[in-house]
Amino acid sequence: MAKSEKKHYRCDACGAQFAKWSGQCAECSAWNQLVESAARPAQHMRHAHYAGVSQSSGICNLADVQAASTQRLATGLTELDRVLGGGLVPGSVILIGGNPGIGKSTLLLQALAALAGHLSTLYVSGEESAQQISLRAQRLNLAREKLHLLTETCVEHILEQVQKSQPKVLVMDSIQTFFTDTLQSAPGSVAQVRESAARLVQYAKHTNTSVFLVGHVTKEGALAGPRVLEHMVDTVLYFEGEVGSQLRLVRAIKNRFGAVNELGVFAMTGEGLREISNPSALFLSPHEQPVPGSTVLVTREGTRPLLVEIQALVDQSAAGGSCRITLGSDQNRLSMLLAVLHKHGGIGMFDQDVFLNIVGGVRVSEPAADLAVLLAVLSSYRDVPLSRDLVIFGEVGLAGELRPVPNGQERLHEAARHGFRQAVIPKSNAPKEPIHGLQVDAVSRITEAISAVGIG
Ligand code: TYD
Ligand code: MG
């Protein structure tokens with residue numbers, strides 16, 4: 001083996017390198033952090049090992065750089081184009097993570113089939129046989145004659161083939177199954193995943209090829225999975241949604257070419273993933289009658305507002321302490337809101353269990369959900385339903401004040417478009433001009449919001 005490919009062990013926690021493996025890092029004392037890595041001469045490292053540039057160009061003035069607007073490629077799925085930031089950027093590397101069986105291979109096969117119509121593509125599978133993939137393509141009614149497939153797991157062999165056929169778009173399914181000859185550890189180990197991905201990123205940047213890397217998220221939070229690659233790629237997309245339900249959400253966690261948190265909505269059907277291009281009202285559950293504990297929030301995921309129903313259930317706790325359980329939102333945030341409600345609203349729930357659910361399996365993490373959560377909880381506690389025509393948004397501060405949220409106007413217009421007639425929002429988000437059909441209560445404290453909805 002060439003001297004340049006000599007192996008080292010590197011501490012994942014502090015980056016120190018050692019010639020031998022040991023259980024504890026001698027530098028930072030962390031346990032079980034040493035992983036095998038291929039040491040390369042500095043010369044080699046300099047050439048875009050992780051960096052997204054293919055060659056050094058010397059110091060330049062930004063104004064002199066020709067920022068040619070790159071032509072984006074349409075993937076045939078507008079929801080996927082949306083999360084990518086308006087289509088696929090040539091030369092970009094995209095990581096798609098998600099639980100096994102959620103639909104990663106299906107999505108990429110569909111996208112590749114559309115792209116194959118006008119440029120050369122290659123699907124590399126280390127997981128499934130050619131028959132399986134061909135069968136799936138047939139089931140999805142895709143034009144199979146344009147799709148090219150390679151079943152192989154050695155990265156060096158793959159790159160050899162790829163250099164011959166020079167595809168413009170490459171799908172690698174999945175990164176955990178590939179290995180590089182330079183390391184001895186098993187495929188799927190942190191070292192292999194990172195090294196294989198580094199080779200592919202390097203290839204993508206040198207040749208301006210777009211590469212999709214599929215990564216399975218493991219139950220343990222995926223140390224050896226996609227997480228270790230997030231910093232190396234341009235875009236990170238994660239599948240949300242439960243395997244049991246039809247709904248599939250693809251969220252951009254990181255995107256060098258578009259808005260982060262952008263959400264693409266799909267339904268898994270018998271014929272593959274179908275786009276849901278107007279998902280606004282998807283996350284509302286149909287109630288015949290207004291029910292206590294339910295509020296409608298206008299959230300904004302990426303660049304588009306979504307109407308989402310929040311459900312709360314407040315119930316007397318059994319002796320021995322109360323619990324706070326959330327699905328789709330942050331539990332600590334709920335505890336904080338309950339404390340604010342007690343301190344500034346005078347309503348305590350120490351002896352109550354509080355459950356919170358965001359309908360439809362979507363995750364809402366923005367603080368703009370605070371007021372809707374708080375009023376849903378209070379509505380359940382008082383057992384008084386809120387009007388079905390009401391939408392709510394606003395961040396709640398620790399002093400009991402309501403803080404403005406970004407894009408308030410847009411949220412209000414979306415609510416009005418869906419027939420909502422009343423909105424309770426922070427004062428600073430009050431619209432400058434009235435919105436047709438929508439009565440807006442712009443308030444500055446939680447106590448005013450509580451009176452505005454009539455559950456004080
Ligand atoms: P898949 O794309 O193989 O998941 P991943 O690559 O993320 O592991 O999707 C597999 C699941 O999707 C499987 O449970 C079957 C389901 N499915 C459908 O419901 N309809 C279809 O048309 C296809 C192709 C798959
Ligand atoms: Mg798969």
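# Reading a predicted three-domain model

Analyst: Glu195 is buried, and Arg199 is buried as well. The model in which they lie is a predicted one. This pair is a suitable starting point for the salt bridges.

User: What do Glu195 and Arg199 form, and how far apart are the closest N and O atoms?

Analyst: They form a salt bridge, in which the closest N and O atoms are 3.5 Å apart. A pair counts as such when a side-chain nitrogen of Lys or Arg is within 4 Å of a carboxyl oxygen of Asp or Glu. Both residues belong to helix H6, at a spacing of 4 residues, or about one turn of the helix.

User: How many salt bridges does the structure hold?

Analyst: The structure holds 16 salt bridges. Some are joined to one another: a network of them links Arg333, Asp370, Glu395, Glu401 and Arg403.

User: Which residue forms a salt bridge with Asp234, and where in the chain do the two partners of that pair lie?

Analyst: The partner of Asp234 is Arg256, with 2.7 Å between the closest N and O atoms. This pair links distant parts of the chain, 22 residues apart: Asp234 is in the loop between strands S8 (210-216) and S9 (235-240), whereas Arg256 is in the loop between strands S10 (247-255) and S11 (263-269). Asp234 has a relative accessible area of 3% and is therefore buried. Arg256, at 45%, is partly exposed.

User: With which residue does Arg300 form a salt bridge?

Analyst: Arg300 pairs with Glu410, and their closest N and O atoms are 2.9 Å apart. Here too distant parts of the chain are linked, from Arg300 in strand S13 (residues 294-301) to Glu410 in helix H9 (residues 408-417), 110 residues apart. Glu410 counts as partly exposed because its relative accessibility is 28%.

User: I should like to see the overall layout next. Which domains does the assignment give, and how many helices and strands are there?

Analyst: The domain assignment divides the protein chain into domain 1 (1-42), domain 2 (78-277) and domain 3 (282-453). The secondary structure comprises 10 helices and 21 strands. The C-alpha trace spans about 75 × 55 × 50 Å along its principal axes. Of the chain's 456 residues, 50% count as buried. Among contacts with a separation of 6 or more, 66% are between residues 24 or more positions apart.

User: How is the size of an interface often given, and what is the area buried between domain 1 and domain 2?

Analyst: Interface size is often expressed as the accessible area that is lost when the parts come together. Between domain 1 and domain 2 the buried area is about 810 Å², and carbon and sulfur atoms give 42% of this. Two elements, strand S1 (7-11) and strand S3 (34-38), each give two or more residues to the side of domain 1 that touches domain 2. S3 gives the most, with 4 residues. By type, the residues on that side divide into 2 nonpolar, 1 polar and 6 charged.

User: How many residues of each domain are in contact, and what is the count of salt bridges between them?

Analyst: In this interface, 9 residues of domain 1 contact 9 residues of domain 2. The count of salt bridges between the two domains is 0, while 2 residue pairs are in polar contact across the interface. The centres of domain 1 and domain 2 are 29 Å apart, taken over C-alpha atoms.

User: What sign does phi have in most residues other than glycine, and what is the phi of Asn32 and of Asn141?

Analyst: Phi is negative in most residues other than glycine, and most peptide bonds are trans. Asn32 has a positive phi, near 55°. Asn32 sits in the loop between strand S2 (17-18) and S3, and its relative accessible area of 59% is why it counts as exposed. The phi of Asn141 is also positive, about 60°. Asn141 is in the loop between helix H4 (130-139) and strand S6 (149-151), and is exposed because its relative accessible area is 64%.

User: Is the peptide bond from Asp173 to Ser174 cis or trans?

Analyst: That bond is cis, with omega near -10°. Ser174 lies in the loop between strand S7 (169-173) and helix H6 (190-207).

User: Is Glu79 buried or exposed, and with which residues is Glu79 in contact?

Analyst: Glu79, in helix H2 (residues 78-84), is buried because its relative accessibility is 2%. Neighbours within four places in sequence aside, its contacts include Leu263, Val265, Phe266, Glu275 and Arg304.

Methods:
Residues are numbered from 1 along each chain as its sequence is written. Chains are lettered from A and ligands numbered from 1 in the order in which they are written. This is a predicted model: local features need pLDDT of at least 70, side-chain atom pairs count only at pLDDT 80 or more; totals for chains, interfaces and linings use all residues. Side-chain values use heavy atoms; hydrogens and water are left out. Domain bounds come from an automatic or database domain assignment. Contact means heavy atoms within 4.5 Å. Buried area is the accessible area (1.4 Å probe) that two parts lose on being put together, summed over both. A polar contact is a pair of N or O atoms within 3.5 Å; within protein, one must be able to donate a hydrogen and the other to accept it, and residues adjacent in sequence count only if both atoms are side-chain atoms. Ala, Val, Leu, Ile, Met, Phe, Trp, Tyr, Cys and Pro count as nonpolar, Asp, Glu, Lys and Arg as charged, and the others, Gly among them, as polar. Buried means under 20% relative accessible area, exposed over 50%, partly exposed in between (1.4 Å probe, protein chains only).
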